[in-house]
Each structure stands twice: as structure tokens, then as C-alpha cells.
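Student: I should like to learn how descriptive terms are justified for a protein model. May we go through some of them together?

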Amino acid sequence: MPMELRKRKAPAQPPAPAPAKKTKTAPAKKKAAPKAEETKKTVAPAKKAAAKKETKKAVEKKEAAPVPAPAPEKAPEPEVKPAEAAKPEALDTKEPAAGASTAATTAPAAKTGRAKAATKATKDADAKADAKAAKADAVAKLKAGDALPTELPEITLDDGTKTTFGALLDASEKGIVLFSYTRASTQGCTTQACALRDNYAQFKDAGYLIYGLSGDSHADNAKFKTKQNLGYPLLSDPTYVFHEKLGIKSAKAGTIRSVIVVQKEGKIIKELKSVQPKTGLDAARKAVGIEAAEEEKKETKKETKKEKEAKAKDVMDGEGDIRLSSYRAKQVN
């Protein structure tokens, strides 16, 4: 069967592309460009302003820096006259270098500090020497053989009665033993007062009265006297004027522990300062003659004993002679 050829259809033409529609992004690109330009426009002036500011600071810093002064022109040296030649050279007023300035300032400061320290040490030494001299002068103010000061202030007895040292001397037979103590009812002062209390009868027999003296109030002295059963009065001098007149005032304790023995006529026969509580008694006993009297009594006893022994020996010798004579007579007969 014969093939029937069919005519092949020509391929259809592809459709023409549709015209591109305008999108809204295109204007955005056009708008972005102005923003970039604006950023560039903003950044550029800012950088310029910062650069100008730094430049201005640099200029100001440069202007603030000290400008070295031009070296002064050397003035012509004046002619030196004979009279001016003897004048001392003027001091150099130029400013030293920084290191030299510090050294120059430190050296005078150190010298000033050493000078002040030396001055202070000298003043302290002088003050100590003056205090020592004053103390020595006070201790040596009154001595044995001197008369009592005429203008002695009033003093107060332990019962509160005002009196004078002259009145106390008048009331004595031969004089007064005055002992000073630092403070009532303390250990050392109690030892001192009780030692004199235990020997008061001997002082009275010798014609001397005993008085204690301190800066305590009369009430404190009264308690002290009652507690220790002291048989003699205690004198109160809280102002220490009486102490000072007698030269027994201490800057530290108020009273220098002392023993002063005064005759009825007002003459000092014994003055002992800075004594120990127990040694004052021995000094007072010796001053008023108690020790001498005791020695004399001892010697008298010794002599009496010797005399008695001699008499006894004589008696024995006599009796022996009688017995011997009687014996011989019997032998002859």
C-alpha cells in the first residue's frame, strides 16, 4: 500500500517576550545613591573638623611651650676703679639647674634640722643643769650653825589649830626635832614616824619635842596620828611655803625626807636631808645628845663596876691579912 506522506508542520514561533515591567527597586537604587553621597558629605566635614581641631591643639601646645629667651648681649665690662676693686663680687642670681636646685634646697634644710636638734639638746642640758643646781642650792640652803629664817609662815596642827614655829620652840625645854615625810600613811613614812614614836621618851628626857611635817591636810595627818598612835603632833603645810623656807621642798614629791634639829634659841644644830626612814632616827638621837648620854652612862657603869671590884678586892685582901696574922699568932703560941 503506498505511504502517504504528510507535510510536517513548521514549528510554531516562540512567543515574543513580554515587555519588562518597571519595579520599585530601581528608584530605591537611585535613592540609595543620594544616601551614600550624604554619608560621604557628612563624614568628610567631620574628618576635616577633627583634623582642624588637632591642628589647632598642636598650634596651641606649640604656642604654650616656653620660648627660649634670646641670649642677652654681653655688656661691655666697666672699668674697675681702685676703690671698687676691693668690693666683694655680686652674688650669682642665675637659676640653677633642676638637680642643683634640689641639692641646694636639701642641704640648707638638713643643716637647719641639725642646728635645731643641737639647739634643743643644748637647752635640755641647760635645763637639767639648772634643775640640778637649784636642787643642790635648796639642799645646801640651811646647815648646822645657821639660824632659822625670820619670816616663816604659819603652819597647821593636826587638830586644825594655826601656829608658828617660834611658838613651838618657846614651848620646848631645849628645842625641837622636826622630821619631814612625803605622805601620810605610806609605808616609808609610817616606818619613819613609828621609829621616832618608840624613842619619844628619850627625846623628851633630853629636853626636845618632836614634830612631823608634810604637805598633807591636817585631817589626813590626824588620821595618820590616830592610826599609828603617835605621841607627838603633826604639822600640815599644803602650800609648801614652809618647806621652801627650810629648803626641804621637792619638785617631784613636794617634800624632801629630812630631819632638822633646832635649839630653843632658833639655831640649827643638825640638818640632814634625803634620809632613809630608819637613818633619820640615829641622826636625831646623836644631835640632841642621847647617844652621848648613853655612852656616858655606860662609862659610868663601867667605872662603878671597877670601883666595886676594887673595893671587894681590898676587903678580901684586908680580910686575908687579918686571917694570916691570926694564923701566925696561933703558930707562935
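Tutor: The following exchange sets several terms against their definitions. This is a predicted model, in which local features need pLDDT of at least 70 and side-chain atom pairs count only at pLDDT 80 or more, while totals for chains, interfaces and linings use all residues. Residues are numbered from 1 along each chain as its sequence is written, and side-chain values use heavy atoms, with hydrogens and water left out.

Student: What makes strand S8 largely enclosed by the rest of the structure?

Tutor: Buried means under 20% relative accessible area, exposed over 50%, and partly exposed in between (1.4 Å probe, protein chains only). In S8 (residues 258-263), 5 of the 6 residues are buried, so the strand is largely enclosed. Strands are DSSP runs of E with at least two residues, and helices are runs of H or I with at least four, numbered from the N terminus.

Student: How do you know that S3 and S8 pair?

Tutor: Pairing requires that DSSP finds at least two bridges between two strands. Strand S3 (residues 175-180) is joined to S8 by 6 bridges, and they run antiparallel. Ile176, for instance, has Val262 in S8 as its bridge partner.

Student: Which residues of helix H7 are buried, and why are they placed on the same side?

Tutor: In H7 (residues 218-228), the buried residues are Asn221, Phe224 and Gln228. These cover an arc of only 60 degrees around the axis, so they lie on the same side of H7; the arc is that of the directions from the helix axis to the C-beta atoms. Lys223, Thr226 and Lys227, on the other side of H7, are exposed.
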